[in-house]
Every structure is written in structure tokens, then in C-alpha cells.
Amino acid sequence: MSSPILTRLAWTGPVKAGANLEARWSAAHPMDSGFRVDDSGRQIPKNIIHTVRAYLNDRLIMEADLGTAMTSPVYLAFPVLVPPEGGIVKVIWKDDLGQMGETQQRLVL
Amino acid sequence: MNKIRKLTIPPQVQSPMRRSGMAWAIGTCLAMPQQVVFSRPLNELSSDGIELVFPRLADTGNAVPLEALVTAPTGLHLKALKVILPENPNPEALHLKIMDKPVQYRLKTRLRLAASQSVWLVAYFNDGSERANHAPTIITSTACLDES
């Protein structure tokens, strides 16, 4: 398999119970749309992250189907409502080659 | 591929290599249009409660930032969001299914554009209603063409 895909998950805003944080997720994935050609003129096969799932304390909060119009590196920012006990936000992705990845961050109150 | 090139570009235009390459790339970009089907035309839907921040002019189509703030009508909450780029080979850029029940949702992402167009954001609410808003942009180069 190719080199590992670097992903990043970060917040903006104060981590307080009941606050609406902005979670920012990005992955340094090539996101080959299948429309571009390489130097020898051959078409580069489509390989994009097609599914992204975000979990808060193992509860699914968001599922995204991505199309070829997403940039490389892919970037997505979505709100997370901080539960009173804090917890863990986990983002899972899958691409067309079957590669998968997972990033998690703890919400420390 | 060669067939497309022969069909779309008359020989007199073929002399500058860059131009023929560009036309060919745009040709392949538009070769496979896919349709997104909606119950009603998007421009008949209400745009209330959907704010879009999208640059009016972007240097390249490779990464155009989109920010959307969606507020549900009173008593309703959001179920899903869709980002549609009608002129792209695959118009559906993003389909976001929201599992908790937010009244307000702020989404940020970056998009690749094949041509100057309006981005559409469609919001789906829990009673089955839809709202949509759009924001136009002009790009000076397509994302379907490599810079190299």
C-alpha cells in the first residue's frame, strides 16, 4: 500500500460543556478525480475519499459522502456540541482503493 | 481519447500545444455529465436561513473555500446538506448526513471547480422540506487541468 495518509483533527473555540465547537478535519490524500492525466498522457484512475464518518463518544454524529469536487488535501469543518462529561471525537475515512484511516481527539473540559 | 481530440479541435487551432491540451482536458471533464435529481427545481426553493460565503472571483478552480451557515425554520432541525456544483463532471460535491438534531449548522470546506458557476447548497429538514441557496463565482482556470 502507498504511504500513510496524514490526517489532522483540531478545534476552534473554548471546550466548555454545551459549547458548539468547530471541528476541523483534513487529510493529505491525493484525491485523484479520475479526470487528470499523468506526464505520459495516461489517465490517473479515480481514487478519492468517498466516505467520512464523525463519532462523538462512539455515537455517529455526521456521515459525509464526498464527490470528486473535494480538494486535495481534503478539508471539512463541522460543529460538535460538547457534552457535559467531555469525551472523544473520532473521524474515520475510506477511499476508493479500500484504504481506511482514523483520527481521534479528546475533548478536555 | 484521440478520437475526442480529433472530433473537438479543428486542425488550425491545434498548433499551440497548450491550447489543444486545455481543450482536450475540458473535453474529458465534460465527457461524463451526471444528473442530480431533485423533486423540484432548486431555484423554486426558499433560500431563507442559508448564508453562503463564497469568493466572487477565484484565481484557480483547484481550491475554492466555501462556508455555509444554515439555520432551520422554527420547530425543525437539519437532517442533511448537499453541495452541488452543476457544471462539474460530478455535480454532487458533498452529501452530509447529520445524525444529531442541530437547529444551526456551520459547514466549511474547499471545492474544486471545473468552470465558472454557482455553487448550490441544499438543506433538508426533518419534516421533509428542502431549502436551497446559491452563490456565483468566476474562476480563471479549471481544476480538471493539471498545472504541470
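Visitor: In which sense do strand β5 of chain A and β6(B) pair?
Guide: This is a predicted model, in which local features need pLDDT of at least 70, side-chain atom pairs count only at pLDDT 80 or more, and totals for chains, interfaces and linings use all residues. Residues are numbered from 1 along each chain as its sequence is written, with chains lettered from A and ligands numbered from 1 in the order in which they are written. Strands (E, at least two residues) and helices (H or I, at least four) are DSSP runs numbered from the N terminus, and two strands pair if DSSP finds at least two bridges between them. Residues 74-81 of chain A form β5, and over 2 bridges this strand and β6(B) pair in the sense called antiparallel.

Visitor: Which residue of β6(B) does L76(A) stand opposite?
Guide: The strand concerned on the chain B side is β6(B). There, the residue opposite L76(A) is T109(B).

Visitor: How many residues of chain B are in contact with chain A, and how do they divide by class?
Guide: Two residues are in contact if their C-beta atoms, placed from the backbone, lie within 7 Å. By that rule, 28 residues of chain B touch 21 residues of chain A. On this side of chain B, α2 (17-29), β5 (92-98) and β6 (104-111) each supply at least two residues. Ala, Val, Leu, Ile, Met, Phe, Trp, Tyr, Cys and Pro count as nonpolar, Asp, Glu, Lys and Arg as charged, and the others, Gly among them, as polar, and the side of chain B that touches chain A has 14 nonpolar, 6 polar and 8 charged residues.

Visitor: What is the pattern of chain B along the sequence?
Guide: Chain B has 2 helices and 8 strands. Read along the sequence, they follow α-α-β-β-β-β-β-β-β-β.

Visitor: Is D58(A) buried or exposed?
Guide: D58(A) is found in the loop between β3 and β4 of chain A, and has a positive phi of about 65 degrees although it is not a glycine. A residue is buried if 20 or more other C-beta atoms, placed from the backbone, lie within 10 Å of its own, exposed if 12 or fewer, and partly exposed in between. Because D58(A) has 8 C-beta neighbours inside 10 Å, it counts as exposed.

Visitor: Where is P73(A) found?
Guide: The peptide bond from S72(A) to P73(A) is cis, with omega near -5 degrees. P73(A) is found in the loop between β4 (59-66) and β5 of chain A.
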